[in-house]
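Please find below a short note on the structure, set out as numbered points for your consideration.

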Amino acid sequence: MSEISFRPLTPITGAEVEGVDLTVDPQPAVVAALREALLRYKVLVFRDQPMNDAQQVALTNAFGGATAAHPIVNGLRDAPAVLRTALSEDRPKLAEAEGLGHPLKGTAPRRLRTEWHIDSTFVANPTAITILRGVEIPPTGGDTLFANLEALYTGLSPSLRGYLDTLQAIHSRHNASPEPRFDGKPAGPFVALHPLVSVHPETGVRSLYVSSVFLQAIRGLKPRESTALLDFLLDELAGRDEIHARVRWEQDTLVMWDNRSVAHAGPVDGLLFKDERIVHRTTVVGEPPCGPNGFVSRALMGGPFEALA
Ligand SMILES: [Fe+2]
């Protein structure tokens, strides 16, 4: 086994990994080393990893069970674990989100950004790890941003942290007319209740478990209280530059992140360039998050997001 080395992207978040070939079946020792690195760096960036969908799924299975591509959106016909995202298809949605008519503008006028999220928090057991592969990458633009949710939490005052530790939040997603799923399962609606602060199942470190996209409200607060507190927390998420890392994609770049301890946003500049950008995503099945007071996430609507058989 060649020597694996890690070049940190920032002091606290992300690392470029050298000395690993993910296109061959990863050895258990390599997987163990990368799992440990993922807990430390939270985002791992691998360059020059040309692979097909089957290889990406095999890699995903080596880190736990690969889920279906998405709880709502179908994967590829011949690779149901793979979610293909093409910027050319998503640009109309980005343009709409920029416009004044977007419904989020009415409820969250003061927030800095609306794209930050943790993958699939609308289910009770969001994915543990996300793996994203650059299939067609533009010469510039389309970077992905990451935010360290542990640092987001520790940057708050002890008294506010103590209060947040006791709270839960409602996360949901409902697509009005989703395509029927290949696996025949209901495509939503999904509603889940999560602790606002989650305890990492492997390290015990606390994260502020917030998402601009799926998190609707804090349970037990009046609507104005919930909106004001979320506006503050989401501005901290988006505005604290020192907790962010930015990944620049290249063809055959593969990025793996710990979906339990980072949020991400991207591409943030999709309307500023015209080129295509295609990425293929796979995800490792996760456990329901647990809060500092022992509260375990549960579904209010919709089933769990399970590993493919
Ligand atoms: Fe995502």
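**Core, helix α2 and an open sheet**

1. In this predicted model, Leu 44 is in contact with Ala 15, Val 17, Leu 34, Ala 37, Leu 38 and Met 256, its neighbours within four places in sequence being left aside.

2. Leu 44 also belongs to the largest nonpolar core, where it is among the residues with the most contacts, together with Val 43, Ala 147, Leu 208 and Leu 237. This core has 69 residues. The helix that gives the most to it is α7 (residues 223-239), with 5 residues. In soluble globular proteins, nonpolar side chains tend to be buried together.

3. Helix α2 spans residues 53-62, and its buried residues are Gln 56, Val 57, Leu 59 and Thr 60. These residues lie on the same side of α2, because the arc they cover around the axis is only 160°. An α-helix has 3.6 residues a turn, so residues three or four places apart point the same way.

4. The packing partners of the buried residues of α2 are the strands β5 (129-136) and β15 (278-284). After α2 comes Gly 64, which has a positive phi near 135°.

5. Four strands form an open sheet in the order β11-β7-β8-β16, and their pairing is antiparallel. The edges are β11 (215-218) and β16 (298-301); each has a single partner strand, so one side of each has no neighbour in the sheet. On average, neighbouring strands of this sheet are turned by 30° against each other, direction ignored.

6. At the β11 edge, strand β7 (residues 168-173) is joined to antiparallel β11 by 3 bridges. Within this pair, Ala 169 stands opposite Ile 218 of β11.

How values were computed: Residues are numbered from 1 along each chain as its sequence is written. This is a predicted model: local features need pLDDT of at least 70, side-chain atom pairs count only at pLDDT 80 or more; totals for chains, interfaces and linings use all residues. A nonpolar core is a set of buried Ala, Val, Leu, Ile, Met, Phe, Trp, Tyr and Cys residues joined through C-beta atoms within 7 Å. A residue is buried if 20 or more other C-beta atoms lie within 10 Å of its own, exposed if 12 or fewer, and partly exposed in between; C-beta atoms are placed from the backbone. Helices (H or I, at least four residues) and strands (E, at least two) are DSSP runs, numbered from the N terminus. Two residues are in contact if their C-beta atoms, placed from the backbone, lie within 7 Å. The arc is that of the directions from the helix axis to the C-beta atoms. Two strands pair if DSSP finds at least two bridges between them. Axes are lines fitted to C-alpha atoms, for helices over the stretch in contact, and angles run from 0 to 180 degrees between N-to-C directions.
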